[in-house]
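Let's take a walk through this structure, one stop at a time. Keep the 3D view open and turn it as you read.

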Amino acid sequence: MEDDQEKLLEQATSVVKSAGVMMQRSFDTSKTADVIKYAVDVISELKTSSMSPKTYYELYMQVFDQLSRLGSYFFQEYSKGASISDLYDRVQHVPSILPRLYLLVTVGSVYISANQIKPQEMLKDLMEMAKGVQHPIRGLFLRYYLNKMCKDKLPDSLSDPSKGTVDDSIEFLLCNFSEMCRLWVRMQHTGGIKDKTKREKERSDLRVTVGENIVRLSSIEGVTLKIYMETVLPRSLEVIVSSKDAIAQQYLMDCMIQAFPDEYHLNTLNPLLEACTQLQPSVEIKGIFINLMNRLSDFAGEQDLEIVRDIDIYALIKTHVDKLLAEHSSAGETSKFLQLYVAFLRLSLKCYPDNNDHASEILSSSLSLVGKESSSQLDPESLNWISKLLIHALESLGLSVLEMSSFPKLMGYLQFAARKKVALKIVQSVVAFKASLLSTRVVTFLLEYIATLTHDLADTTESESFEFEEEQEFTARLVHLVYSENPDEVFAMLNLFFESFSKGGSKRQIYTYPAIAFAYMKLAANRQGSEVKMSSLLKIFRVILDKVTKINPELGYKLSLQCALCVDRYDDEKSFEEDAYEFASDALIIYQDNLTDLEARFSAIKVIAPVYASFTCFDEENTITLYLNCAQYAAKTLSKSELIEGNALASKLFWNKALQEPEKCVFYMKKAVNLAKAEGNSKMLVYLLNVWLEYGLSGLEFDRDEVNEIVQNVKKSANDEVRTALSLTLNFIRSRQQEDKLSGISY
């Protein structure tokens, strides 16, 4: 069959090209009679009834190219002085009706361009004559050609009023639309019943020719909202509804939605929706509703819609959606209706962003719909739409969705991966909104919804490592959104998180435990006047610290220092010194037992030593014990290049607010200086020079000659970076000596 069509097209193409060449030669000699003769030969190929619509369209495009050249020739002849009215009369004598009408349209287009006739008169004349071709395909393409040739000739609000008005153009296009729609529908009733599917496919191939009228109507300058409401919409809908053809109605309703401005749709929502209820039963009305609501949602997101205060758009759409559900709900329709509810929810959230009741009603309706089927009967597409429904609600409403009873029930229909996706969206939404978690009730709901993230369930599946990390980092951030003026309420909420996190296993706790530990520490600072006891917090710290240390020792020693600092700062009654000492000691124990990499050990001691030096809660015995142990590790267990800084760190342990033993401080400093000199490390000598200056300003007596020797040593360095650093240090010394400080140091 396809071979036959190709052969027919090939034969017709040969004739069109041959006649086109002869017509072109006649252009050169200005023999109009010959031009018309060969043009008739070209157009006559369109008289065929043997071609499929698709093949006919290909042939039409070749003929159209030839007729475009013909139109240019006619205009040139007019420019040379030929009478366009005589030419119009001349082509009317062509005996065959189809070539005659194509030629009349071509000359008529030139007639209008030459300003020799009012457009509305010519358009009306051509429209009437086009009725002479009633063959569905031939008539359809003739009117399509009429549309194409007149598209830039139609008067609009910018045109000279003497040439016609917007109403003339609208009338022409609506009449052409009605006739083309009628011809298009007639195609369905030609041939036998067995060819029905084939005819439907052929008609679908030609739908753009009819839809062209709607596109033209929407593009006319001057089709105002008033004209659209009073003329264009009602007459277009009348054509569509009266066609009583599902294919035509489906396509043309979508055309109306896509072609005209969204503002027009908002103002004419009721007649548009009413028309949908009058369409044929087989029309996919849900798809039309979905397209309409998606467009309106996008429009509403960019505009301040005053119209929603005048028209209850939500109630209007809900009435029609409910009616549609009642009349068309059946097995296999669930997915499409869920898609409809997603579009409805989006529109509602855009038009009424502060109305949670609308969203809750849509979720309830969706739940009623899926409740008719078991979760095992829902297809993947339906589950996907449920997921999108929940996510849209989340992204717009945040925590308020937790109060909607339908939300968790809908979520329960989803498979694990989809439930986890929604759970992550919940967490991300809460974090993005910085929504405070204000009660144990809210936290309980939240943890119920995000259980897929906090611990393993019966249907848990593994995530990719990068996805898992993102999930847990967001989950951990939730604890920092807990808020209440009442510390006891905060404690209760944090305990709910801790209980949930404790079920998560090591792979999750490495993310969640440190976060909740810091949340508890924040509570420790604000627990005055509450029943929250430091002893209760310390027990929780111990559980968290022991678990974290087993998973990640480097994180463990840092967390132990933070626990010790928490007691040091917030134990107002000084009752938990031993607990603080134990936490502080843990840092060195972890350092000694678990850290083997030299770089990691050095990084750890650089963290531990300054923190030790900041403690104020220990008695002298505990202080000295901690400092001596730390100093021992700092001064002996590191590589040579790190021993210099390690001894300097050790010196700081013996000159701070908690303890001042100048002999030990100076001992470690001299050891560091000697190591730097032995290695010729000028950079470290500048560092040590600054440490000496820091001690001198805080009251430590030291040997000025030794400091001066450091200065002289560094001055010999050829390293530009070192010399720059020394210059800055000497400027500092100079400025302090002007204040009678750091005397005796030469610069």
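Start with Arg-441, which is partly exposed, its relative accessible area being 48%. Keep in mind as you look around that this is a predicted model. Arg-441 has a partner: it forms a salt bridge with Glu-403, and the closest N and O atoms are 3.0 Å apart. Arg-441 sits in helix H22 (residues 440-449), while Glu-403 is in the loop between helix H19 (380-397) and helix H20 (406-411), so this pair ties together parts that are 38 residues apart in sequence. Glu-403 counts as partly exposed too, at 43% relative accessibility.

Why would two such side chains team up at all? Side chains of opposite charge can pair when their charged atoms come close.

Stay with H22 for a moment. Which of its residues are buried? They are Val-442, Val-443, Leu-446, Leu-447 and Tyr-449. These residues cover an arc of only 155° around the axis, which puts them on the same side of H22. And what covers them? The cover includes H20, helix H21 (416-433), helix H23 (451-454) and helix H25 (487-501).

Back to the charged pairs, since the structure holds 29 salt bridges. One of them joins Lys-286 to Glu-333, at 2.4 Å from N to O. Here again distant parts of the chain are linked: Lys-286 is in helix H15 (residues 285-300), Glu-333 is in the loop between helix H16 (313-328) and helix H17 (334-351), and 47 residues separate the two. Is Lys-286 buried or exposed? With a relative accessibility of 5%, Lys-286 counts as buried, because the cut-off for that is under 20%.

A more local pair is Glu-179 with Arg-182, a salt bridge whose closest N and O atoms are 2.5 Å apart. Both residues belong to helix H8 (residues 166-186), and they are three residues apart, about one turn of the helix. Glu-179 is buried, at 16% relative accessible area, whereas Arg-182 is partly exposed, at 33%. Elsewhere the bridges join up: Asp-456, Glu-462, Lys-507 and Arg-508 are linked in a network of them.

Now look for H16 again, where you'll find His-320. His-320 counts as buried, with 6% relative accessibility. Setting aside neighbours within four places in sequence, His-320 is in contact with Asn-270, Leu-273, Glu-274, Thr-277 and Phe-289.

Another buried residue to look up is Phe-74, in helix H3 (residues 53-79). Its relative accessible area is 1%. Beyond the neighbours within four places in sequence, Phe-74 touches Leu-87, Thr-106, Val-107 and Val-110. For a sense of scale, jump from Phe-74 to Gly-371: the two are 297 residues apart in sequence and 69 Å apart in space, C-alpha to C-alpha.

Helix H29 (residues 577-594) offers a little ruler check. At 1.5 Å a residue, its 18 residues should span 26 Å, and the end C-alpha atoms are 25 Å apart, which agrees. Among the buried residues of H29 are Tyr-581, Phe-583, Leu-588, Ile-590 and Tyr-591. What covers the buried residues of H29 includes helix H27 (534-551), helix H28 (553-570), helix H30 (598-614) and helix H31 (620-636).

There are open spaces to visit as well. The second largest pocket holds about 280 Å³ of space. It is lined by 13 residues, and those closest to its centre are Val-482, Ser-484, Val-490, Lys-522 and Asn-526. Which elements give two or more residues to this lining? They are H25, which you met as part of the cover over H22, and helix H26 (506-525).

Finish with two spots where the backbone does something less common. Most residues other than glycine have a negative phi. Asn-115, however, has a positive phi, near 60°. You'll find Asn-115 in the loop between helix H5 (97-113) and helix H6 (119-130), and it is exposed, with a relative accessible area of 51%. Asp-740 also has a positive phi, of about 65°, although it is not a glycine. Asp-740 lies in the segment after helix H36 (720-737) and counts as exposed, at 73% relative accessibility.

Key:
Residues are numbered from 1 along each chain as its sequence is written. This is a predicted model: local features need pLDDT of at least 70, side-chain atom pairs count only at pLDDT 80 or more; totals for chains, interfaces and linings use all residues. Side-chain values use heavy atoms; hydrogens and water are left out. A salt bridge is a side-chain nitrogen of Lys or Arg within 4 Å of a carboxyl oxygen of Asp or Glu. Helices (H or I, at least four residues) and strands (E, at least two) are DSSP runs, numbered from the N terminus. Buried means under 20% relative accessible area, exposed over 50%, partly exposed in between (1.4 Å probe, protein chains only). The arc is that of the directions from the helix axis to the C-beta atoms. Contact means heavy atoms within 4.5 Å. The expected span of a helix is 1.5 Å times one less than its number of residues. On a 1 Å grid over the protein atoms alone, a cavity is a set of points where a 1.4 Å probe fits but cannot get out, and a pocket is an open set with protein on both sides within 12 Å along at least five of seven lines; lining residues have an atom within 4 Å of a point. Grid points are joined across faces, edges and corners, and a volume is the space filled by probe spheres set on the points.
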